[in-house]
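Let us walk through this structure together, starting from single residues and working outward to the whole chain. Keep the model open beside you as you read.

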Amino acid sequence: MVKRLPWALAAALSLALGLGAPGAATAEPVLRVGLVDGSPPCSYREAGVWRGLAVDLWNRVATLEEIPYVVSQWPSVRQMLEASREGRLDVAVGCINVSPDRLRRYRFSLPFQEDGLAVMVVKSRLDLGRSFLSALLTPTLLQLLGSYLLAIAVLTGITLRLEVHHHPARDGRRNSLRHVSKVFQVLATGPGSNTIVTTTRGNGVVILAYLVRIVSASLLVGYLTVNVAGEIQGRASGDIRSPADLRGLRVGVRSGTVSESLLKELNATSTGPKATIVPLASIGEGGALLAERRIDALLGDNLQLSYLLLQEEAKGFLPSLALEGIRPESQAFAYAPALPEATANRIDQAISALKRSGVVSELRQQATTRGNPQAR
């Protein structure tokens, strides 16, 4: 797809027809801009139209600086970067990670955001249910419940002793057990305390039981909120606690990205199992392969995987981010070595102005919410 600004066409036409005045400034050179599809929310094609954070940002820069350009599509980030290095492209547009290796080989613009890598996994609802039950049956939770029941049992014994003259148990073992269980139930739950005590000391025990219930409930809620939820997340992530845990798994990555470089680095430094690298044409393809269990994990930019989470979940599967913020790096555009310094400075100054005015943050928010049906 080719895109030129209307005024640029008019300027070129006037020059071709010899309408330019002698000594007038030459026409602005048309920049060759490269884009890679399949990287939402940074750059992707929708109904034949380029969209995404990086695309929107470049359009703002080109409009602000009145820079004419044409767009070409490239199959991977690596090929696009090589094209810029070899001078076949003037500007490579995308959320391109400025890794140390790339910084040595390529020329970059002023960074417009920071981002890291993330790992996405999916678990079936049945797996999550099993994880929840397993997380509940932990020694700590059982100890909390046991301590609460023991405290109520002790208070039940005290209540029976204090109220033995006012609320004597009926004759018979069965009636006696029923009376004990009633007192235990009332102290454990609360309602009906006026039916089991009449003495001042008995009322004091009921108040003490109330305090025990309040404190125990707070402890249980806190434990369930922090510990059990964390345990479920850990189990749902397949016990992936660091990038090294990707070894031995089938991991989907886009070719030519820093995610692929990370996996290759892990494999090169491992003497044990290696990660099986599954090349992907797009991040969306990785989500489909996860749902079909054809890969075990998906590695990509944090922003891209967070965007993928906002898409419609595959039926019967629950995606989650097992790891976030791996190797955070700046993201920028890439320049051809021969791009005039004056042009590069204009682009950098426009990026700086758009960052300072909050436009970049706004574009990031817009790009993310595009994929969220609830935000429409």
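A good place to begin is Gln 304, which you will find in helix 11, the stretch covering residues 302–310. Bear in mind throughout that this is a predicted model. Is Gln 304 buried or exposed? Its relative accessibility is 8%, so Gln 304 counts as buried, because the cut-off for buried is under 20% relative accessible area. If you set aside residues up to four places away in sequence, Gln 304 touches Ser 39, Pro 40, Pro 41 and Ile 283.

Helix 8 offers another residue to look at in this way. Arg 213 lies in helix 8, and with a relative accessible area of 17% Arg 213 is buried. Which residues does Arg 213 contact, leaving aside its neighbours within four places in sequence? They are Tyr 148, Val 186, Leu 187, Ala 188, Thr 189 and Gly 190.

Now move along to Ile 214, which lies in helix 8 as well, a helix that spans residues 200–236. Ile 214 has a relative accessibility of 41% and therefore counts as partly exposed. Ile 214 belongs to a nonpolar surface patch of about 480 Å², made together with Ile 207, Leu 208, Tyr 210 and Leu 211.

From here, let us turn to the disulfide. The structure holds one, and it joins Cys 42 to Cys 95 with an S to S distance of 2.1 Å. Where do the two cysteines lie? Cys 42 sits in the loop between strand 1 (31–36) and strand 2 (44–46), while Cys 95 is in strand 5 (residues 91–97), so the pair ties together parts that are 53 residues apart in sequence. The link of Cys 42 and Cys 95 is left-handed, with -100 degrees about the S-S bond. Both Cys 42 and Cys 95 are buried.

Strand 5 deserves a moment of its own. It is mostly covered, with seven of its seven residues buried. In a regular strand, side chains alternate between the two faces of the sheet. Which residues of strand 5 point which way? Val 91, Val 93, Cys 95 and Asn 97 point one way, Ala 92, Gly 94 and Ile 96 point the other way, and all of them are buried. Strand 5 runs parallel to strand 1, and two bridges join these strands. To see the pairing, look at Val 33, which stands opposite Val 91 in strand 5.

Charged side chains come next. Side chains of opposite charge can pair when their charged atoms come close. How many salt bridges are there? The count comes to 12. One of the salt bridges is between Glu 65 and Arg 346, at 3.2 Å from N to O. This pair links distant parts of the chain, since Glu 65 is in helix 2 (residues 53–65) and Arg 346 is in helix 12 (residues 341–356), 281 residues apart. Arg 346 counts as partly exposed because its relative accessibility is 22%.

Helix 12 also takes part in another such link. Glu 341 and Arg 107 meet through their side chains in a salt bridge of 3.2 Å, N to O. Here Glu 341 in helix 12 is joined to Arg 107 in strand 6 (residues 107–108), and the two are 234 residues apart. Glu 341, at 51% relative accessibility, counts as exposed, whereas Arg 107, at 21%, counts as partly exposed. Elsewhere, Glu 82, Arg 85 and Arg 105 are joined into one network by salt bridges that share partners.

For a pair with little sequence between its partners, go to Arg 88 and Glu 86, which form a salt bridge whose closest N and O atoms are 2.8 Å apart. Arg 88 is partly exposed at 43% relative accessibility, and Glu 86 is partly exposed with a relative accessible area of 48%.

Finally, step back to the whole chain. Its secondary structure comes to 13 helices and 11 strands. Of the 376 residues, 44% are buried. Among contacts between residues at least 6 apart in sequence, 77% join residues at least 24 apart. The chain exposes about 19800 Å², and carbon and sulfur atoms supply 57% of that area.

Conventions. Residues are numbered from 1 along each chain as its sequence is written. This is a predicted model: local features need pLDDT of at least 70, side-chain atom pairs count only at pLDDT 80 or more; totals for chains, interfaces and linings use all residues. Side-chain values use heavy atoms; hydrogens and water are left out. Patches are made of residues with over 30% relative accessible area and no salt bridge: like charges are joined within 9 Å, nonpolar side chains (Val, Leu, Ile, Met, Phe, Trp, Tyr) within 5 Å. Accessible areas come from the Shrake-Rupley method with a 1.4 Å probe; for residues, only the protein chains shown count as cover. A salt bridge is a side-chain nitrogen of Lys or Arg within 4 Å of a carboxyl oxygen of Asp or Glu. Helices (H or I, at least four residues) and strands (E, at least two) are DSSP runs, numbered from the N terminus. Buried means under 20% relative accessible area, exposed over 50%, partly exposed in between (1.4 Å probe, protein chains only). A disulfide is a pair of cysteine sulfur atoms within 2.5 Å. Two strands pair if DSSP finds at least two bridges between them. Contact means heavy atoms within 4.5 Å.
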